[in-house]
Structures are given as structure tokens and as C-alpha cells.
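Welcome to a short set of exercises on reading a protein model. Take a look at the sequence and the structure, then work through each task one step at a time.

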Amino acid sequence: MKHIYAVHDIKQLYLEFLENRAYPKLERLSNWGKNRFFFHRYFNLVEDLHHTEQIVIEFNRRVYSLDTGDAPDFMDKDRYLEWLTAKLVA
């Protein structure tokens, strides 16, 4: 399993995630489910409470608490990547 360790890796692995046919059909998942699946696949999860929209990940030895309820539509590539990158470089 690949992990994202640098900001410049996010776009490539996000696009691979969207194109990979081995995953469940992303269209069947809610925005919340798509986010959780992506973060579980490519980041170290520190805390993953399934009953909230909060997810805590580790990236570059820092911990980030992300509110996936504020995330744009996961399938909107430009807006989603802009949101995620902004959260990780803040």
C-alpha cells in the first residue's frame, strides 16, 4: 500500500485512486465514505471515528484533524485537491 508523504504526491495518488477498478464503485459511496476510504488507503490514521465527519491523520510527522463535512465533493478533482492541499500546508 502506498502512503502519501509529500504534498506533490497527493494529486497523483488521488487520480490513481479514482481510476483504480479494484476498489468498490466510488459512485456508490457518499462523500463521507469516499473521504474515509481515500484517507484509510493513503495516510496513517490516528483517529477514525465512524460516527463523525472528523478524521485525524498523520502527514509528514504532523497530525491533522480534518472535518470531511467541510470538504468539497470528492469527485470534483480541482476543488477537492485545493481543499486537501490547503489543509495539509496550513
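**Exercise 1. Two loop residues**

Is Asn 60 buried, partly exposed or exposed?

*Solution.* Before you start, note that this is a predicted model, in which local features need pLDDT of at least 70 and side-chain atom pairs count only at pLDDT 80 or more, while totals for chains, interfaces and linings use all residues. Residues are numbered from 1 along each chain as its sequence is written, and side-chain values use heavy atoms, with hydrogens and water left out.

Step 1: recall the cut-offs. Buried means under 20% relative accessible area, exposed means over 50%, and partly exposed lies in between, using a 1.4 Å probe and protein chains only.

Step 2: apply them. Asn 60 has a relative accessible area of 44%, so it is partly exposed.

Step 3: locate the residue. Asn 60 sits in the loop between strand S2 (54–59) and S3. Strands (E, at least two residues) and helices (H or I, at least four) are DSSP runs, numbered from the N terminus.

Step 4: check the backbone. Asn 60 is not a glycine, yet its phi is positive, at about 50°.

Now do this for Arg 61: where does it lie? Arg 61 also belongs to the loop between S2 and S3. Its relative accessibility is 80%, so Arg 61 counts as exposed. Arg 61 is not a glycine either, and has a positive phi of about 60°.

**Exercise 2. The overall layout**

Find out how many helices and strands the chain has, and in which pattern they follow each other.

*Solution.* Step 1: count. The chain holds three helices and three strands.

Step 2: read along the sequence. The pattern is α-α-β-β-β-α.

Step 3: look at burial. The chain has 90 residues, and 36% of them count as buried.

Step 4: turn to the surface. The accessible surface, from the Shrake-Rupley method with a 1.4 Å probe (for residues, only the protein chains shown count as cover), comes to about 5,600 Å² for the chain. Carbon and sulfur atoms account for 49% of that surface.

Step 5: look at contacts, meaning heavy atoms within 4.5 Å. Of the contacts between residues at least 6 apart in sequence, 46% join residues at least 24 apart.

**Exercise 3. How the helices cross**

Describe how H2 meets H3, and then how H1 meets H2.

*Solution.* Step 1: take the axes, which are lines fitted to C-alpha atoms, for helices over the stretch in contact; the angles run from 0 to 180 degrees between N-to-C directions. The axes of H2 (residues 31–42) and H3 (residues 77–89) come within 14 Å and cross at roughly 55°.

Step 2: name the angle. H2 is therefore oblique to H3. Angles under 35 degrees count as roughly parallel, over 145 as roughly antiparallel, 65 to 115 as roughly perpendicular, and the rest as oblique.

Step 3: list who touches. Asn 35, Phe 38 and Phe 39 of H2 make the contact with Tyr 80, Trp 83 and Leu 84 of H3.

Step 4: move to the other pair. The axes of H1 (residues 7–19) and H2 cross at roughly 120° and come within 11 Å. That angle makes H1 oblique to H2. Here Leu 13, Tyr 14 and Phe 17 of H1 meet Lys 34, Phe 37, Phe 38 and Tyr 42 of H2.

**Exercise 4. Two residues in one loop**

Which residues do Thr 68 and Met 75 touch?

*Solution.* Step 1: place them. Thr 68 is in the loop between S3 and H3, and Met 75 lies in the loop between S3 (62–67) and H3.

Step 2: compare their cover. Thr 68 is buried, with 5% relative accessibility, whereas Met 75 is partly exposed at 36%.

Step 3: list the contacts, leaving aside neighbours within four places in sequence. Thr 68 is in contact with Asn 31, Trp 32, Asn 35, Phe 39, Glu 53 and Ile 55. Met 75 touches Tyr 14, Leu 18, Leu 26, Glu 27 and Lys 34.

Step 4: pick one partner. Met 75 and Leu 18 are 57 residues apart in sequence, and their C-alpha atoms are 8.1 Å apart in space.

**Exercise 5. A salt bridge**

Which residue forms a salt bridge with Asp 76?

*Solution.* Step 1: use the rule. A salt bridge is a side-chain nitrogen of Lys or Arg within 4 Å of a carboxyl oxygen of Asp or Glu.

Step 2: find the pair. Asp 76 is bridged to Arg 79, and the closest N and O atoms are 3.6 Å apart. By this rule the count is one salt bridge.

Step 3: check accessibility. Asp 76 is partly exposed, at 27% relative accessibility.
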